[in-house]
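This report describes the contacts and packing of the structure shown below. It starts from a single residue and proceeds to the core, a helix pair and the contact between chains.

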Amino acid sequence: MILHAVERVLQTILVLLVISFVAFMLIATLGDPLGVLLPPDATMAERNALIARLSLDQPLMQRFLSFLGGIVQGDFGLSYRTQEEVGGMILERLPATAELAIASLVITILIAIPAGILCGVRPKALVSRVIMFVSIAGITLPNFVVGILLIAVFSVQLGWLPSFGRGQTVSIGGLETGLLTWSGWRAIILPAITLAAFQMTFVIRMLRTQLMEVGQSEHIRFARARGLSEARIWFVYAIRNALLPTVTMLGLQLGNIIAFSVVTESVFAWPGLGSLFLQSVQAADIPVIAIYLIFVGAVYMLINLAVELSYPLIDPRLKRRGA
Amino acid sequence: MSSQPLLQVRDLSITLTRAGMHLPVLDAVSFDVAAGEVLGVVGESGAGKSVAGAAIIDLLVPPLRRASGAISLGGDRLDLMRPAEMRRVRGKRVGFVFQDPMTSLNPVLSIGRQLTDTMRTHLKLGRGALRSRALDWIERVGLPNPRRVFDAAPHELSGGQRQRIVIALALCAEPDIVIADEPTTALDVSVQAQMLDLMRTLHAETGAAMLLITHDLGVVAKMADRVAVFYAGRVVETAPTRTLFEAPRHPYTAGLMAATPAPDHEGRMQVTAIPGAMPGIGALPSGCAFHPRCVRAKADCLSMAPPLSPLGDGAAACFHPLQRKDVP
């Protein structure tokens with residue numbers, strides 16, 4: 001069990017190294033940092049100083065190692081566009097995206113899990129059919145359409161909720177959060193729903209299919225034959241068997257939200273990582289793009305690692321003994 | 001009061017709905033089980049014996065449906081009960097042993113959890129009492145090291161060990177009758193004998209009646225006080241076990257016995273198969289369902305299904321039953 005965990009952690013580190021290398025090759029081969037960073041009238045001395053500072057005169061492997069070393073020490077390089085520290089830029093945008101991701105995950109869990117259970121337990125009920133019908137919309141409508149529709153109804157027509165920005169934010173230990181202000185709460189509702197729409201559909205459908213399948217199994221019939229209540233049968237005996245794929249899915253989705261909230265953030269002018277990424281792409285700001293890539297990879301890997309290490313808690317068959 | 005059997009099934013009919021048609025699976029089946037008695041229900045697969053067992057505690061899965069019939073347990077009509085009432089019967093008054101130990105236990109919950117949950121549903125016991133009683137049951141069904149088994153997940157046990165747990169689960173709320181649906185079929189032959197011994201011991205200890213559903217005449221011979229033989233959704237013969245084996249009256253019963261390997265006078269094993277196959281659901285012949293395979297069939301067998309009529313100390317559904325002298 002522990003051996004397995006260690007193995008998985010090592011695998012994760014290996015994959016992150018590979019991602020870092022790809023990101024580094026982006027920086028090393030694309031664009032001309034000197035041209036971007038130096039003023040047109042720079043002297044040869046200034047030019048050489050920058051070359052030395054960016055270690056451009058070193059061999060490639062050497063540069064990769066110092067790039068890695070920098071990352072470990074929190075030095076992520078300089079943005080071509082703003083000439084600021086990339087680490088600072090990401091850190092500044094991170095809370096907005098994290099808030100959005102967590103909010104949409106909470107919405108997903110609160111709505112999709114009960115809805116999925118309902119659809120799985122009573123697949124023929126009218127409510128279940130309605131849920132399934134509506135959830136098709138979640139899959140077929142692209143994210144930005146959902147966002148624009150929500151804006152059209154709740155911001156433009158009804159005027160209940162703001163259509164862009166984060167509202168007022170409060171600084172806690174250097175990080176800005178909107179979750180402590182009224183306007184921040186109002187601002188996060190629409191983008192969080194937009195982001196949640198897609199994954200809710202998946203969770204509902206996954207849970208439904210899983211529960212319908214588990215509901216047919218002999219052990220559920222046997223539980224019923226022993227007189228256990230329907231509530232206990234579904235909420236303990238069946239759901240424990242349906243949870244594994246759902247948790248896996250939620251983990252992947254959380255990674256997805258953090259990584260690819262680009263579209264939603266741009267529809268709602270949400271000042272998060274996604275919009276930073278878009279700005280960087282437009283300005284060919286390679287270092288930011290590269291670090292963003294590594295960051296996304298790391299988030300993905302860590303969430304999946306956490307999910308996978310939680311499997312044995314859900315299903316005892318996945319406990320491994322030794323090697 | 002005491003003359004009333006514990007379980008009384010009268011004219012139970014079950015249909016299978018297929019393409020809008022209600023095909024008969026069980027046709028007006030009646031049988032009784034007295035308190036403490038073991039009734040063996042034998043027949044080929046598809047004869048309707050498992051369906052009859054499941055129908056008693058309303059466990060039929062659509063498209064199977066109970067069409068008619070009365071089922072009484074200790075004077076209470078099970079067939080008229082609402083779901084909430086039926087839940088208090090399941091486990092508490094009627095235990096059910098499932099066939100396949102590999103799929104009958106919840107794979108993600110510990111053995112102890114499944115036992116205590118079942119007892120908690122029916123018995124008013126505190127946490128400590130539930131736990132110690134669960135440990136007791138694990139020991140009673142013959143598993144060593146109860147504490148380890150209590151915390152184990154089903155996959156950590158062998159098939160035979162799991163079937164012991166299935167039996168413990170069926171008995172732990174102290175039912176008056178246990179329905180055992182092919183309890184040994186999924187097990188290795190060596191384990192089957194152990195399981196029958198265990199069931200006999202527990203039957204003697206608890207005094208619970210048993211409805212033992214099996215296709216194996218050997219199991220019936222070893223366990224049952226009385227036997228009901230099913231063929232194509234009907235009871236064709238009932239008799240005390242000894243009578244049935246010594247002098248089967250229905251030609252099908254006799255054929256079933258002949259199809260069980262037995263040594264002849266030279267010590268060689270002999271098997272005589274019944275020609276043909278049991279008709280499938282929705283393909284019943286007219287009259288007696290057995291007549292196409294029966295050497296004794298006459299014209300009357302084709303026109304009308306023979307009713308189950310008393311014969312000796314049993315009953316048979318046959319116009320031309322074997323006489324005691326017919327049996328070698």
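In this predicted model, Ile177(B) is in contact with eight residues once its neighbours within four places in sequence are left aside: Leu6(B), Leu7(B), Val33(B), Val94(B), Ala208(B), Ala209(B), Met210(B) and Leu211(B). Contact here denotes C-beta atoms, placed from the backbone, that lie within 7 Å.

Ile177(B) also belongs to the largest nonpolar core, where it is listed with Ala168(B), Leu212(B) and Tyr231(B) as having the most contacts inside that core. The core comprises 156 residues. Its largest share, 16 residues, is supplied by helix 8 of chain A, which spans residues 182–215. Within chain A, domain 1 (2–72) and domain 2 (89–284) each provide at least three residues to this core.

Chain A as a whole contains 13 helices and two strands. Along the principal axes, its C-alpha atoms fill a box of roughly 85 × 60 × 35 Å. Of the 323 residues in chain A, 34% are buried. Among the contacts of chain A with a separation of 6 or more, 71% join residues 24 or more positions apart.

One helix pair of chain A can be described in detail. The axes of helix 12 (residues 273–282) and helix 13 (residues 286–314) of chain A come within 8 Å and cross at roughly 145°. The crossing of helix 12 of chain A past helix 13 of chain A is left-handed. From helix 12 of chain A, the contact is made by Leu273(A), Leu276(A), Phe277(A), Ser280(A) and Val281(A), and from helix 13 of chain A by Val288(A), Ile289(A) and Tyr292(A).

The two chains also meet: 20 residues from chain A and 24 residues from chain B take part in the contact. On the side of chain A that touches chain B, the elements giving two or more residues are helix 9 (218–225) and helix 10 (230–260) of chain A. Helix 9 of chain A gives the most to that side, with seven residues.

The table sets out the residue classes for the helix pair and for the chain A side of the contact between chains.

| Contact | Nonpolar | Polar | Charged |
|---|---|---|---|
| Helix 12 of chain A with helix 13 of chain A | seven residues | one residue | no residues |
| Side of chain A that touches chain B | seven residues | five residues | eight residues |

Charged residues are thus absent from the contact of helix 12 with helix 13 of chain A, whereas the side of chain A that touches chain B has eight.

Technical notes
Residues numbered from 1 in each chain as written. Chains lettered and ligands numbered in written order. Predicted model: local features only at pLDDT ≥ 70, side-chain atom pairs only at ≥ 80, totals over all residues. Helix = DSSP H or I, 4+ residues; strand = E, 2+ residues; numbered from the N terminus. Nonpolar A, V, L, I, M, F, W, Y, C, P; charged D, E, K, R; others polar. Buried ≥ 20, exposed ≤ 12 C-beta atoms within 10 Å, placed from the backbone. Axes fitted to C-alpha atoms, helices over the stretch in contact; angles between N-to-C directions. Left-handed = near helix turned anticlockwise from the far one by under 90°. Core = buried A, V, L, I, M, F, W, Y, C linked by C-beta atoms within 7 Å. Domains from an automatic or database assignment.
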